[in-house]
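Please look through the model below with an eye to how its parts meet, beginning inside one chain and then moving to the place where two chains come together.

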Amino acid sequence: MSINKQDVQKIAHLARLALTEEDADQYQNSLSSVLTLVEQMQSIDTDGVEPLSNPLEMTQRLRDDVVTEDNRRGAFLANAPQSEAGLFLVPKVID
Amino acid sequence: MSEQSISSLAKQLKNKDISSVELTQAFLKRISMLDSQLNSYITVSDELALQQAKAADALLQNGQGTSLTGIPIAHKDLFCTQGTLTTCGSKMLNNFVPPYESTVTSRIQQAGAVMLGKTNMDEFAMGSSNENSFYGAVKNPWNLNTVPGGSSGGSAAAVAAGLAVAATGTDTGGSIRQPASFCGITGLKPTYGRVSRFGMIAYASSLDQGGPMAKSAEDCAHLMQAMAGFDEKDSTSSETSSEDYLANINASLTGLKIGLPKEYFGDGLDSDVAQTIMDAVKEFEKLGATVKEISLPNLQLSIPSYYVIAPSEASSNLSRFDGVRFGHRCDDPKDLLDMYMRSRAEGFGQEVQKRIMVGTYALSEGYYDAYYLKAQKIRRLIKEDFVNALNEVDVIMGPVAPTTAFELGSKTNDPVAMYLEDIYTLSVNLAGIPAMSVPAGFVNNMPVGLQIMGNYFAEAKLLNVAHQYQQQTDWHLQTPEMAKGV
Amino acid sequence: MNWEVVIGLEIHTQLTTKSKLFSGAAVGFGAEANTQTTLVDLGMPGALPVFNKEALRMAVMFGHAVNAEIGMTSVFARKNYFYPDLPKGYQTSQMDHPIVGEGYLDVTLDDGTTSRVGITRAHLEEDAGKSLHEDFQGMTGIDLNRSSTPLLEIVSEPDIRSAKEAVAYVKMIHSIVTYLGICDGNMAEGSMRCDINLSLRPKGQKEYGTRTEIKNVNSFRFIEKAIYTEIERQMDILEDGGRIVQETRLYDPEKNETRSMRSKEDANDYRYFPCPDLLPVMLTQSYIDEIKSTLPELPSQKAKRFQEEHKLSEYDASVLSSSRAMADYFESANKIVKDAKLAANWVMGELSKQLNQEQLEITQAPVNAENFGQLLVRIKDNTINGKTAKDVFQAMWQGEGSADEIIEAKGLKQVTDTGAIETMIQEILDANTAQVEQYRAAEPDKQKKMIGFFVGQVMKASQGKANPGVVNPILAKMLKG
């Protein structure tokens, strides 16, 4: 299965990855070959097979509703590329 | 000292024949002398290591501590370590110093081990050769022109070259076992849920599992004593109580039923590797085990299933790397979208971007059923194969990889070929069972690993089986030339 | 053309847990930016979610309250999109297997009619953070205190046909969640927010028209106004032969208009898939039953009880029970006066009027239910008449004391002494002989109207203290002459 360059750009946009034209060419090839590789699944009959998303098929454990964490804003903000007044800063968001 | 086992070192530390500071200094010296050839460490934390060594010595002085107290080990650079750079092999986290500690590293630290540093790896654990690291490829100590395997290649190379007594690794599709095999060390991928994933930077959440990498099964058992067990901070952590991994390590293998899946010995397997594996199996027969052929009919499907599930989960797991709260942000973003697009394109390497795109595609509208859901159904078929087989036999054996370590750069142009090399390891992660790689011989002076797979939560059994084999063989005691005489 | 409005609502209610949905950070409004966050809420590398037990219990309570099926197995899914206030790049929500399945609510409208609104589902999800657009070096600031706060999103069927019905439905949900104590209902602080899906179709047509979604409307009044303006906007387009664009819109209360949001999620492909960091939530029947058995009395049950026990009309009962605080106030006051009709009239009348005027919640009323009840007792025992009672109520509201203290201090006690009243009436008749003549010459049905003049004069002369019940028959008799 192969995909075209527009598909590649569309996926890259969804995934927020800036691709140059060259990148897109290259990814078009490599994505197509991966998709070809996974294509062989389609020939397998999986009717009536329940999908398995967790190997142990355990169930969710519940946490008591208690506050266990202190405020560590300073430590977390230390890794931020840009911050001010306790806020993470990003280029202007326009709704 | 660099070739000694944890048991032996622990004894000398306890008897004060050596101090942890001396031991740590010796390893730091080896790293500074040898690692320029290997590039197995991204960060060497000398200061912290010596601090921890001093603290360990103080404990030992009072007759306290565990068998890991004072033992210098290394951590794969995707375990978050508080105050120590944690890069995940990526430019994206070039400057990331976590303000928190992963459960695995915290437990090992609690046990008193000394952290020498953080080991190199394929970026975000995506790769089987360690060539996908922003910090450069790692070399195999057995032949510097070959790869150490991946993604835990730095850990494997460091342990093989005596640059750490042992190391942690993670295994999503073979990332502990394949590098262990290529570098001639012992590695264990535990049952999914056995070792906490908290603080372990996620690649594919339903497949990732941390585990020990060391010279021997016994050393792995020592690490498992500290690493394994329930963690309330990880919803996927199993509440099944963890075992004493050393208690039955000496049990006899008489009557052990070994299954050899015929699909593991078909086309594509190097004949010398096949012979090495069969020789190892014979050794087990000598130890009283019986062998029978079994079948894992859906083995081939593990490749497509894995290469849909892992990238899908990864595409979502890696969305948090957006340049907002941590990690790389591009220079002068012209707007928000530009910041996202360029920060991520600059921060992630090609293989990571490719897998993110594969996953994004597989989950996108109109494709979900054909890709993701289909892969999850096949995943169940693969699990059922193992469940059926393990009703008949105690352990399953086979090769870890079709060949020994390949040359650097030889497969970078054909990534799909590289994916096919994972054929013997992927299915274990899909099923969630534990498996080991155990040194079983050499082909053209390059190590070959025997894979031993077992039932859910049978880690102690696997370690027992591997340890008994290692009592009879010395493949795990071999040292690469470059590491000798230093 | 005659258009039919089709409305479906998604209501996000913030649950009143102490800690977040997936982390042990505190939940609260108004804390300093980013001080109520953990590595989980910030989406730090390696952070993992663990599900809050209390959020689950609250969701199940709600399910019971709307007659819904409870999901024995519910699954968290990831909704993937990039936005700066969404730290992980996905929102953990529920898609195919929500905790609350199909249910319904019977909604009573102002005109007393009832309509049934279907509830499609209610699911648990985490809230996002907040973008602050004040100027920070020309940039936007991100506060993630709200990130991972538990929300229950309640999705209705497109069963609603008018703005009034929509508001009645939202009010009912509001009263249910506050009755249950699972949401504080504070819409101004964003504890309850409403997305309105609205479309028009020619009356009689089966197929739905193209809908728009108005996001994040956060008051009853705005919901009503947003619906009216959006109906108008869509109708204008359709009548001109245009087509409605399916899009997300924002209601601007200042301009009273809806406008298109610069498509927040341009491609709109959320790539939902089960969250691999969380496992299926499995419930037992005994857990579900136990929660059902501990449910408090719900508004509809209370309304029914008010009708039966207190003989109130359906309308009065439903208004009084719409808020738990109001129902409690009514019941406390009634316990003292023991006249449900009187108590109902006064709670829904004077008290509600005063609260509205001052924009206060009933819990903030300066007159408590007991004192209010004492005031009603004085009306019932004829100490004061209704008109005087309103003045006394005002004085109580201003903090001048209890009803009895004010009546005493101001000498407002009603005159019921017939002798005194007769004297007063005689004086009035003597002073208004012309009117008396006219009255006596008039037809009986005209007389009924004319008597009002004399009653007014008596009230004036008595400064409102004459008991109308005593005045009326005496006056009628004396006018006859």
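In this predicted model, Asn371(C), Leu375(C) and Ile379(C) of helix H9(C) are in contact with Gly386(C), Ala389(C), Val392(C), Phe393(C) and Met396(C) of helix H10(C). Sorted by class, this contact between H9(C) and H10(C) is made of six nonpolar and two polar residues, with no charged residues. The two helices, H9 spanning residues 369–380 of chain C and H10 spanning residues 386–397 of chain C, have axes that come within 10 Å and cross at roughly 160 degrees. Because angles over 145 degrees count as roughly antiparallel, H9(C) and H10(C) are therefore roughly antiparallel to each other, and the crossing in which H9(C) passes H10(C) is right-handed.

From this pair of helices we can turn to the contact between chains, where 32 residues of chain A are in contact with 44 residues of chain C. On the side of chain A that touches chain C, the elements giving two or more residues are helix H1 (5–14), strand S1 (62–63), helix H3 (73–77) and strand S3 (87–91) of chain A, and of these S3(A) gives the most, with five residues. By class, that side of chain A has 14 nonpolar, eight polar and ten charged residues.

Strand S3(A) also takes part in pairing across the two chains, since it and strand S9 (residues 139–143) of chain C pair in the antiparallel sense over four bridges. Within this pairing, Pro91(A) has Met139(C) of S9(C) as its bridge partner.

Definitions and conventions. Residues numbered from 1 in each chain as written. Chains lettered and ligands numbered in written order. Predicted model: local features only at pLDDT ≥ 70, side-chain atom pairs only at ≥ 80, totals over all residues. Axes fitted to C-alpha atoms, helices over the stretch in contact; angles between N-to-C directions. Parallel < 35°, antiparallel > 145°, perpendicular 65-115°, else oblique. Left-handed = near helix turned anticlockwise from the far one by under 90°. Contact = placed C-beta atoms within 7 Å. Nonpolar A, V, L, I, M, F, W, Y, C, P; charged D, E, K, R; others polar. Pairing = 2+ DSSP bridges.
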